[in-house]
Every structure is written in structure tokens, then in C-alpha cells.
Amino acid sequence: MKREKRNQIIWALGMSLASLVMLIPVIMMFMTSMKTMEEIKSPVFHLLPATFSFRNYTDAMSNGIWPVYFRNSLMITGAAVLFSLLFNSIAGYAFARLNFRGAKIMFLFLMMGLMMPPQVTMLPTFLIMAKFPLMGGNDLFGSGGTGLVNTYAGLVIPLVSGSYGVFLCKQFYENFPRSLDEAAMIDGAGKWRTYFTIYLPNSKAILATLGLLKAVSVWNDYMWPLVMTNSETMKTVQLALTMFKTDSGVMWNQMMAAAVLVALPMFVLFLCAQKYFIQGIVTSGLK
Amino acid sequence: MRKLIVPLCAALTAAAVLAGCGNGKGQQPAPAAAENAAKEETEAAQEQAEPVQTEKTKLTFLRVGTEPERKAYWESSVALFMEANPDIEIEYQECGYGDDFETKLNTGFASGTAPDIINFTMASMGTRVPLGQYACLDEYAAAWEGRDDFMENALTLGSVGDSLYGIAVFPDPRILIYNKELFVEAGLDPDAPPTNWEELLEYHKKLVKKEGDNVVQTGFGLPTSGTNMQHYLSVFIEENGVKNLVDEETHEVLCNTPEAIEAAEFLKEIADAGVIRWDSNNSDQNPFASGLAAMTLGNTTDFHNWNEGAVAGKIAMASPLTHERQATFCGMGFMFMSGETPHKDEVWRFIEFIASAEEMWRRYEELGVTPMRESLRERYVAENPESNGIIYESINCGTGSPKVAYANSVYNAVNDAMERVMYDVEDPETALNTAAGEIQKEIDNQ
């Protein structure tokens, strides 16, 4: 008993230490956001600022049009999460429960997508968006204009599909008892109805997990908005953070203040979805 | 139920497409929408009053950097230009420094959506000129009224071989900056900074203060590591008569010539006499900023920043040193014409506008950027006789990064070599020979 307690204490201490290590960058970010540039440049390092002041936050937010950047990021993240959840869960259900010709080959191709670095597909995707017919001044053959470049559609469409989401949903739905499908079939429900009335309502955990992972990746995405947008009113928060980097250096205090605010929505989202997130990870067998 | 499937799918797809296809223009914030409404009203009124104009030529202009004050300048320049050239419409875009900008440009050129006008660095010429991404401006420059008035060295820096590709807009020379107060303390004349290598070394030795083995004050604030070591070596090898780290035209490696080795040995001699070690990646570490170094190399922004910090009011600029010749390093931001633009004449009109004397002076007044026209020289120097003449002189004798596709390999090899020299791992000759070997390998792989 005594030994068990001792192990528990060691375990708790170890985990607390590991958590602290994980938290160090966040703590540093917050502390730097409170410091003056003189304190940051000082050769002597102090973790705590001389005085806690939110001046950097107001200064940072007064540069650029932050309400617009936040609105853009929220819209893009919201749309990408919503549509990806819908499409990924439908596709996951199809792979888990429908027997159709070529399912295995299609799934194999889908899995290959997991191994493809996003940099490889960035340029072809950009070209598809830039040559999108009848959009942005393009003709039927996709020339003459800019297609979906610098539009919300161009930013969102390539993000709604994803091998990872389909794979996650497939794994999750395969754990559902077959008897549920059989019962639904006896009651006269077709595949769509089975999906919408049985599978979807019981997918909270996996949808929360997938939604959270997608939201974080879209919110934090820098490269895709960088190549797809070219105006101030289409900038996302991640792009806007670069305004604190000049040719003569980085305004670390303001950049960290803005970074704290940019990270805040994701912190809140994670805290809200934490319970489902852990469930989803457990039930889909992901490690 | 099956009957429901098709309409449901259609509705979902339509909803997805319609929601996704909402154009940014349609979803602008209220102030922007109000501005647009006002603009539309004005345009409508103009259309009624004036005869119908032909369609405007639309150009995109991408500049490197996201600093608010420079953005304000560029936006006002674009507005002024469009006011004077109502047949041209320019869309202003900007992107941060470094890889971000390279990615943006690469994507644009690969997809055929590259900007028509590009504001970027001198180093970019090494890779983009051979790819045809920057257009040659010789044809336009031949008929340009400002050609003879423009600073000759600025034109040279914008050229590859004998062809002009970039028109200089933002010069960034490395200037010798010194601390007058520390000069006085060391018994040196604060109005007589060093003019050559011998004086530099002599002053450096007089200014070094040690406590035991520790250097607590140095003369020349020379970095001992970091990615800007090559700037320091460049300055001294060019002062010793070497063209650059490599010859841009013949691709001969020059960083290990006897003169270059002599320059590295001179820097090592300075280091051995006593320096405070700092990393050039972080200019904030430069001991000059905190008054622990009496001299260093910095650009005009550094000078401005230092003059507001711990050494405010104590610092001054000095002319570039002379050994075999007077030289310094001078970075430069240029205006480039995209090699793919179908609107070359219109692009040149904008570049010509940006390079005009009026616009240069406006740039000086708003951003403190040195005008690079001979006709503005006197007026510029008169504005601040103590510094402006030196800045102009430094730009005029400055050489920038080698405009070669393998420039990054040159920087890396030279930085590593100088770090090995500074930390006594290798002597200057061995280190620079190793660097030259690495550079040659890269040239052979091109």
C-alpha cells in the first residue's frame, strides 16, 4: 500500500514536471507579451516583466485591421470544420459499412494521401483554384482571371477533404455493432437514414475530436493562406502576425501579445471539447 | 427514401458550393463596404461627367515586407501614380521577408499568376534573372530621362552582366559607426574616426578594456558567429581590392584569394586584441548598443535605433575605410518588372514614377530613405551634413551580395569559415580554402 502511494506520488511529480516543460513556451509567450522591448533586449534574462502591463496588447491590436483578420480566420475555420466533418464522416461510414466495388483500392489511395506532404500538393491545388472555371473573371476553360485566388472559397475548398478524417471516422464506425444496421434495415431504414439517424447522433466523440484537430490545423495554417490571399481584407490571423517582423528586427513584445490573443480561441475550444476529444481518441484506437 | 437521396445530395453540394464561393469582396467589413459604396458613387458621377474611358490596364505590385510605415508610403505612391495615370490600375500586395516571399513568388511564377511589379532584394537576381522571371530593362533605360542622373553604383548593383534588371529604391549600406564619448575617454579625437585599417587597429587596441582576461569594453564590435559574418568579411576583402566573395561573371571563387585571406587575418588580429563575443544573427547583442564597443558596422536603421537607446547622442557615422580602395557592403531593394507581364510599358511607367526625383524625395521625407540621384545629392547632404554625406558615400562605393544562384551556399560556407577563425578552430587560410572548396562544389553542381 505504502509502495503504491509512493509510486503514485512519483508518477504525479513526473507528469507535473512534463506538463511544466510543455507549458514553458506558453509561459514565455505570455511573459514576453508583458515586457518592454528594452527588457527583452536586456542581456540579463528575467522571466517576469518589471511591471505587468497590457500596453503591448493595445499597441499590437492598433496595427492593422485585427477584427477583419479574426473574422477571416473564424469564417475559414468554421466552414472548413463544418464541411470536413460532414464529408469525412459520410465517407468514413461508406468505407466502414457499405460493400461496394473498388472500396479497398479507393481506401488504399486515400491512405496514400496520408503519406503525401502538403508542400507536394500545394502548387497543383493552387493551380486548380486559380484556373477554376467561371470564377474570378475566368472563362469556361479557366483562363483570363484569377479564379478562386483571394476568395474564401479558394481558402476553404481544399481543406474540406482529408484522408486523416476519413480514416478516423472509418475506424470509429467499425466499432459500432452490426446489429444496429440490421435493426435499422428491419425497420425499413435505408443507408442514408441509418447514417443520419443512428450513426451521426452517436458520433459526438469522434466529430469533436476531428473537429478540434481540423480547427487547430486550419486556424494555425500559414502556408495556404499565404499563397492564396493577396489583400489586406483577406488576411488571416497567422499572416497578420508577420507584420511585427521588419527588416530591422522583430517587435517581440507586440508579436507575443498578438500571439496570445491568436492562440486564445484554440485554448477555449480545446477546454470545451476536451472530454469528447479524449473519448474520440480512445474509441477510434488512435495513439 | 431513395427519392430523397438525390435532392438531398444536390442541396448539400449546392449549399457547399454557394457558401464556399462567397467572394471576399462581398464580405468586406462595414467601413470597407461604405468606402466602396462612396467610391462607386464617385465613379458613377465621373462616368456621367466624362466621356467613357477605355478599359484600365490592371497591374499587381508585390513588395517585400509588412512594416506599416512603408505600407503607408507604397499605398500613397500607388494612389498618386493612378491619379496621374488613370488608364492604369495597380493592386498593391505585400508579403513578409525571407522564405515567405520566395514561396509567394515561386507559386505565382509556377502558376502564371506572378505579380507584374516586384519589390525585392538584390540577392534575388541571382536565381530569378537566369530563370527569366525578371525582365531586362535596358530598352526602357536607354530612353529614360533619369538614366544619367541616377547614382551610377545603384545602376551597377541593379545589373547582371551589362544588362539592367532592377531599379534601386531602398539602399541599405553598412556604415562605420562610432561612439564619440568612448573615443574621448580613450584620449582619441572624437571628430577623427579611423580612415584606414592601420588606424582602425590602433584605435581598437586603445579602446579595449580588460579586467583580468575578460574583455569588458572593445574597440571594434566585431561579431564572432552568426549569419552576418560574411557581411563583415565582404567589407574588408573589398577594401583590400577583391571584387566580391565570388566573381558573378566568371564564377571564380574569390573568398580565398591572398587579399581575402589577408582581410580575414586582419579581422582575426582585431579579435585577438580583444572583442566581446556576440552573435551577428541577433543585432540586439551588439555590444555597441549598450556602450561596450566603440565602433561597429551598422545600417541607417541601426544608427537610428542606437541613437534612441543607451548610447543616444554619443554616436556618429564615419566614412567607409580605405585600404587598397574605399569600400563597404551595401544591400539594396529594387523594383523589378516581371518577365511574364504582358503590360511591360505600363509597368515601366510605374517604375519610372517610383524612381523619379520627386518620389525619391518624398521617400526621404517619409521614410528617411537616401535619394539616389546626383541632382538631389546636395539638397540631401544639406539636410544633415554630419551623416547624409557619409550615407551617400557608402552607397556610392558599396558592393552587395553576389548575384549568383548559389549565393546562399556562399554565405553559409563563409559564415562557417569565419566562425572557425574566430574560435581558433582553423587559421584564416585553411578556413577560407575549405569554404572555397565547398563553394566550388556547389558551382560544379549548378
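Reader: Let's start with Leu254(B): where is it found?
Author: We're looking at a predicted model here. In chain B, Leu254(B) belongs to the loop between H10 and H11.

Reader: Is Leu254(B) buried, exposed or partly exposed?
Author: Count the neighbours first: Leu254(B) has 19 other C-beta atoms within 10 Å. A residue needs 20 or more to be buried, and 12 or fewer to be exposed. With its count of 19, Leu254(B) is therefore partly exposed.

Reader: Which residues does Leu254(B) touch, not counting residues up to four places away in sequence?
Author: One of them is in H11(B), namely Ala260(B). The full list for Leu254(B) is Ala260(B), Val242(B), Lys243(B), Asn244(B), Leu245(B), Val246(B) and Asp247(B).

Reader: And how far apart are the C-alpha atoms of Leu254(B) and Ile177(B)?
Author: Along the chain, these two are 77 residues apart. In space, their C-alpha atoms are separated by 27 Å.

Reader: That loop sits between H10 and H11 of chain B. How do I describe the way H10(B) and H11(B) cross, as parallel, antiparallel, perpendicular or oblique?
Author: Two packed helices are described by the angle between their axes and the distance between the axes. For helix H10 (residues 229-239) and helix H11 (residues 258-274) of chain B, the axes come within 8 Å and cross at roughly 120 degrees. Roughly perpendicular covers 65 to 115 degrees, and roughly antiparallel needs over 145. An angle of roughly 120 degrees fits neither range, so H10(B) and H11(B) are oblique.

Reader: Which residues of H10(B) meet H11(B)?
Author: On the H11(B) side you'll find Glu259(B), Ala260(B), Ala263(B), Ala264(B), Phe266(B) and Leu267(B). The crossing itself is right-handed. The partners in H10(B) are Tyr232(B), Leu233(B), Phe236(B) and Ile237(B).

Reader: What is the handedness of the crossing of H11(B) and H18(B)?
Author: H11(B) packs with helix H18 (residues 428-445) at about 130 degrees, with the axes 9 Å apart. That angle makes H11(B) oblique to H18(B). The contact takes Ala260(B), Ile261(B), Ala264(B), Glu265(B) and Lys268(B) from H11(B), and Pro428(B), Glu429(B) and Leu432(B) from H18(B). As for handedness, the crossing of H11(B) and H18(B) is right-handed.

Reader: Which residues have the most contacts inside the largest nonpolar core?
Author: In soluble globular proteins, nonpolar side chains tend to be buried together. Here the largest nonpolar core has 117 residues. Two names from the H10(B) and H11(B) contact turn up again, Leu233(B) and Leu267(B). The residues with the most contacts inside the core are Leu233(B), Leu267(B), Ile351(B) and Val414(B).

Reader: Which helix gives the largest share of this core?
Author: The core draws at least three residues from each of domain 1 and domain 2 of chain B. The largest share is nine residues, and it comes from helix H17 (residues 407-422) of chain B.

Reader: What is Ile351(B) in contact with, leaving aside its neighbours within four places in sequence?
Author: Ile351(B) is among the residues with the most contacts inside that core. Its partners beyond those neighbours are Ile117(B), Ile167(B), Met335(B) and Met337(B).

Reader: How far apart do the C-alpha centres of the two domains of chain B lie?
Author: Chain B is divided into domain 1 (55-172 + 332-383) and domain 2 (175-329 + 401-445). Their contact takes 10 residues from domain 1 and nine residues from domain 2. Helix H5 (residues 124-128) gives the most to the domain 1 side, with three residues. The C-alpha centres lie 30 Å apart.

Reader: Over to chain A: how many helices and strands are there?
Author: Chain A has 287 residues, and buried ones make up 36% of them. Its C-alpha atoms fill a box of roughly 75 × 70 × 30 Å along the principal axes. The count in chain A is 14 helices and two strands.

Reader: At what angle do H4(A) and H8(A) cross?
Author: Helix H4 (residues 66-97) and helix H8 (residues 163-174) of chain A have axes that come within 7 Å. H4(A) passes H8(A) in a right-handed crossing. The contact includes Ser84(A) and Asn88(A) of H4(A), and Gly165(A) and Val166(A) of H8(A). The axes cross at roughly 50 degrees.

Conventions: Residues numbered from 1 in each chain as written. Chains lettered and ligands numbered in written order. Predicted model: local features only at pLDDT ≥ 70, side-chain atom pairs only at ≥ 80, totals over all residues. Core = buried A, V, L, I, M, F, W, Y, C linked by C-beta atoms within 7 Å. Helix = DSSP H or I, 4+ residues; strand = E, 2+ residues; numbered from the N terminus. Domains from an automatic or database assignment. Contact = placed C-beta atoms within 7 Å. Axes fitted to C-alpha atoms, helices over the stretch in contact; angles between N-to-C directions. Left-handed = near helix turned anticlockwise from the far one by under 90°. Parallel < 35°, antiparallel > 145°, perpendicular 65-115°, else oblique.
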